[in-house]
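Q: I'd like to get better at reading sheets and aromatic pairs in a model. Could you walk me through one?

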Amino acid sequence: MNEGALVKEKRSCLFSDYLKWNGHSSVALEQSETTILSNVKVPFNRFAVSLGECVGTHDHIWTMSLNTDSNNVPIVMLHGFAAGIAFWLMNLEDISEDRPLYSIDLLGFGRSSRPNFSTDAETVEQQFVDSIEKWREAMKIDSMILLGHSFGGFLATSYAMKYPDRIEHLILADPWGFTEARDMSAEPLWRRSLVKVFQRMAPLAIIRAAGPYGEWLVKKARKDILRKYEQAVEDENVIAQYIHQCNSAHPSGEEAFRSLLDKGPWAKHPMGERVLAGMSDTLPITFLYGEKSWMDNKYGEIIKNARPNSYTKIVIIPFAGHHVYSDNALDFNQSVNEACKILKTKPS
């Protein structure tokens, strides 16, 4: 065996050992996703959609579809940071009742491929947007209602500005990345310290650093998320396993997200002012904010006031925090279905 082959074999062994330490298993990820989605009481399909050469050379996006026989405009749902399609468990049945529904694992997350993104913020954003467009082309979807939560809302907005003709209605659920970085000089020391830590390390590095104890750490640290699914999933351990498995593999999407950050949890290129300057006037927009969310919702009002001749609606979901889709799924689903009835006016 030549020296190059030995190096390659050594790297392969090191990567294998890394995954073993992390406790990551593609089989466990598939099983936990399947167990969670077994609670969906209507037919659905899951499959990988090949993008060909996108960010990597053989990228694919993991996709879930429901009610594809309907002739109504489909809705496409983009999850937030560190999530995956199973997080929509309590929304899938109601929202797909009258139209096709597609939920995808964003490139770099969940069961989608995990290529190495650029480290330049503008390039990374366009790589995500282009991956969504390649997915749409592969699926032969002419136009869609696009719903994004948190980070998914940021990407949905960016996509809608680049491809306005493909979007019938933009629905933003507690979207991240709209406001400018805040001056932290007057904040308490502990909060400033937390922001500095956030700047210097990948957000979920601690889960991977915990190795085989990562799932246990999720159970301890994110009891809030586990509680959201108590009524929908019998065993809360499967939710913890799914979160761990989604985030213990190569942190491709996580590193890409980190490239978008500025001075902590804010976006380098905030979306709020960009929407004011560049969003199509004909595109309906609905903001869905959690009543108790920590996310700053000021740009919802600013954008609404700046579009007096365009459909812009703000809905505050009661009893809901940032995870508005699972904190109060009933009101969230109803609000999404109402928004889906408002489509872009076609030119006469």
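A: Sure, we'll take the sheet, then one of its strands, then the rings. Keep in mind that this is a predicted model.

Q: Let's start with the sheet. In which order do the 8 strands run?

A: The general idea is that strands of a sheet pair through backbone hydrogen bonds, either parallel or antiparallel. Here the order is E1-E2-E4-E3-E5-E6-E9-E10, in an open sheet with mixed pairing. Strands E1 (45-52) and E10 (312-317) stand at the edges with a single partner strand each, so one side of each has no neighbour in the sheet. On average, neighbouring strands are turned by 20° against each other, direction ignored.

Q: What does the mixed pairing look like around E4?

A: Strand E2 (residues 59-66) pairs with E4 in the antiparallel sense over 4 bridges, and Ser65 stands opposite Tyr102 of E4. E3 also pairs with E4 over 4 bridges, but in the parallel sense; there Met77 is opposite Ser103. Go one strand further and E3 (residues 75-78) pairs with E5 (residues 144-149), parallel again and over 4 bridges. Met77 has Leu147 as its bridge partner in E5.

Q: And the side chains of E4: which ones point which way?

A: Leu101 and Ser103 point one way, Tyr102 and Ile104 the other, and all are buried. Tyr102, for one, has 10% relative accessibility, which counts as buried.

Q: Now the rings. How many aromatic pairs are there?

A: A pair of aromatic rings is described by the distance of the centres and the angle of the planes. The count here comes to 16 aromatic pairs. Take Tyr102 and Trp135: 5.9 Å centre to centre with 75° between the planes, an edge-to-face pair. That pair links distant parts of the chain, as Tyr102 sits in strand E4 (residues 101-104) and Trp135 in helix H4 (residues 121-139), 33 residues apart. Trp135 is buried, at a relative accessible area of 0%.

Q: What sort of pair do Tyr159 and Tyr163 make?

A: Their centres are 5.0 Å apart and their planes at 35°, so the pair is tilted. Tyr159 is buried at 0% relative accessible area, whereas Tyr163 is partly exposed at 22%.

Q: Which rings are linked into a cluster?

A: Ring pairs join Phe81, Phe109, Phe117, Phe128, Phe151, Phe154, Trp176 and Phe257.

Q: And what lies over the face of Trp62?

A: That's Arg111, at 3.9 Å from the ring centre.

Terms used: Residues are numbered from 1 along each chain as its sequence is written. This is a predicted model: local features need pLDDT of at least 70, side-chain atom pairs count only at pLDDT 80 or more; totals for chains, interfaces and linings use all residues. Side-chain values use heavy atoms; hydrogens and water are left out. Two strands pair if DSSP finds at least two bridges between them. Helices (H or I, at least four residues) and strands (E, at least two) are DSSP runs, numbered from the N terminus. Axes are lines fitted to C-alpha atoms, for helices over the stretch in contact, and angles run from 0 to 180 degrees between N-to-C directions. Rings of Phe, Tyr and Trp (its six-membered ring) pair if their centres lie within 6.5 Å; planes under 30 degrees apart count as stacked, over 60 as edge-to-face and the rest as tilted. Buried means under 20% relative accessible area, exposed over 50%, partly exposed in between (1.4 Å probe, protein chains only). A charge sits over a ring if NZ of Lys or CZ of Arg is within 6 Å of the ring centre and within 35 degrees of the ring normal.
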